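Visitor: I have some time away from the bench today. Could you walk me through this model?

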Amino acid sequence: MIAKSGLSLVDLDDEGVDPAFRGDVLAGLSQAQKAIPARWFYDDAGSLLFEQITQLPEYYPTRAETEILTQRSEDFARLIGSGRAVVEFGSGSSVKTPLLLSAIDPAAYVPLDISGDFLRASASALAERFPGLPVYPVEADFMRRVELPTEVAGLPKLGFFPGSTIGNMVARTSVDLLREMRATLGEGSKLLIGMDLIKDPAVLIAAYDDAKGVTAEFNLNLVRRINRELEGDIPLDALRHETRWNDDYARIEMHLVAKCDMTFAVAGKEFALRAGESIHTENSHKFDRRMSNTLLLAGGWTPRERWLDSGKRFSLILAEATVPRSAP
């Protein structure tokens, strides 16, 4: 059952635009290397395109993570236990969520997502699948601390952050997010988080530049959103999708590269790109064990267990909220 029809924590201005979206886009386009945070991919159209990406043969992370969730259900039941409120950060279509919920017998489910219509549709479908489970969808930007519904305030919490979304952020932003998650979930909470692993760059590049061009459409949809919501006139046909492996930072990068010199406006401000210059739209950092452990510890979480899929492509980590201390 959906215990609330949906709580919105996204503040729009008088023009119906999220000021954080406008601010990030204008600031990013003003940099020497133009860049826009990947979280703005996920309007309703972007969310649907991403769900298509997860079904592509080149895109292994969803299959690998689903394998872990399917095969390790007994471990989750033992280490997480029943009666927790599961808080999913950036829930999307919640396709992996039923595997977790079936394993641990939760007391409530709180999906958080910035795409409101998509969130409510997914929450409704999940509520039908688990009719006795209270579901409290919250439309919110999970990059900030979120006030959870009062109905789950007294319950122990499990944060669920699948898909290696943590890899979309540079290190300091990842640490900030993990700290905000800890503040949202509170003392005694646990976190189940997905992290993609370093592997052959050819495999990684294919996963972000599929043969059908769905990822390219996903990337270009960000421009469509800017043009629609921020009165932009960026010429879509003058940009091409490009995927790069940056070995120094162990990350895949997605760019929109200008095919020719161009000028354009967004929210009343003028910008220019020379042929070959790009707008950097996404990072997807990859991890090994030490890197993931260091990141979690910096964010206030102590890793307790780590699982890999059979192909050793992807990891799922269970961590606990760490008691702050001033000594090693």
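**Cores, sheet and salt bridges**

Guide: Gladly, and please keep in mind that this is a predicted model. A good place to begin is I36, which touches V25, L29, L222, I226, I279, H280 and T281, leaving aside residues up to four places away in sequence.

Visitor: Which helix gives the most residues to the largest nonpolar core?

Guide: That core has 40 residues, and I36 is among those with the most contacts inside it, along with V25, L29, I226, L239, F264 and V266. Elements that give two or more residues include helix 1 (19-29), helix 2 (44-53), helix 9 (214-229) and strand 8 (239-246). With 6 residues, the top contributor is helix 9.

Visitor: How many residues are in the second, separate core?

Guide: In general, nonpolar side chains of soluble globular proteins tend to be buried together. Here a separate second core includes V110, F142, M143 and L191, and its size is 32 residues.

Visitor: At what angle does helix 9 run to strand 9?

Guide: Start with the open sheet, whose 4 strands follow the order 2-12-9-8 with mixed pairing. Strand 9 and strand 12 (residues 278-285) pair in the antiparallel sense over 7 bridges. Helix 9 lies across strand 8, strand 9 and strand 12, and its angle to strand 9 is about 60°.

Visitor: Which strands are the edge strands of that sheet?

Guide: The strand order is 2-12-9-8. An edge strand pairs on one side only, and that describes strand 2 (34-35) and strand 8.

Visitor: In the salt bridge between D43 and R228, is D43 buried or exposed?

Guide: The closest N and O atoms of D43 and R228 are 2.9 Å apart. The pair links distant parts of the chain, 185 residues apart, with D43 in the loop between strand 2 and helix 2 and R228 in helix 9. R228 has 52% relative accessibility, so it counts as exposed, the cut-off being over 50%. D43 has a relative accessible area of 8%, and buried means under 20%, so D43 is buried.

Visitor: How far apart in sequence are the parts tied together by R120 and E139?

Guide: These two form a salt bridge whose closest N and O atoms are 3.4 Å apart. R120 lies in helix 6 (residues 116-129) and E139 in strand 5 (residues 138-139), so the parts they tie together are separated in sequence by 19 residues.

Visitor: How many salt bridges does the structure hold?

Guide: Another one pairs E187 with R182, at 3.3 Å between the closest N and O atoms. Shared partners also join D24, R39, D141 and R144 into one network. For the structure, the number of salt bridges is 21.

Note on methods. Residues numbered from 1 in each chain as written. Predicted model: local features only at pLDDT ≥ 70, side-chain atom pairs only at ≥ 80, totals over all residues. Heavy atoms only, no water. Core = buried A, V, L, I, M, F, W, Y, C linked by side-chain atoms within 4.5 Å. Buried < 20%, exposed > 50% of the residue type's maximum accessible area, 1.4 Å probe, protein only. Contact = heavy atoms within 4.5 Å. Pairing = 2+ DSSP bridges. Axes fitted to C-alpha atoms, helices over the stretch in contact; angles between N-to-C directions. Salt bridge = Lys/Arg side-chain N within 4 Å of Asp/Glu carboxyl O.
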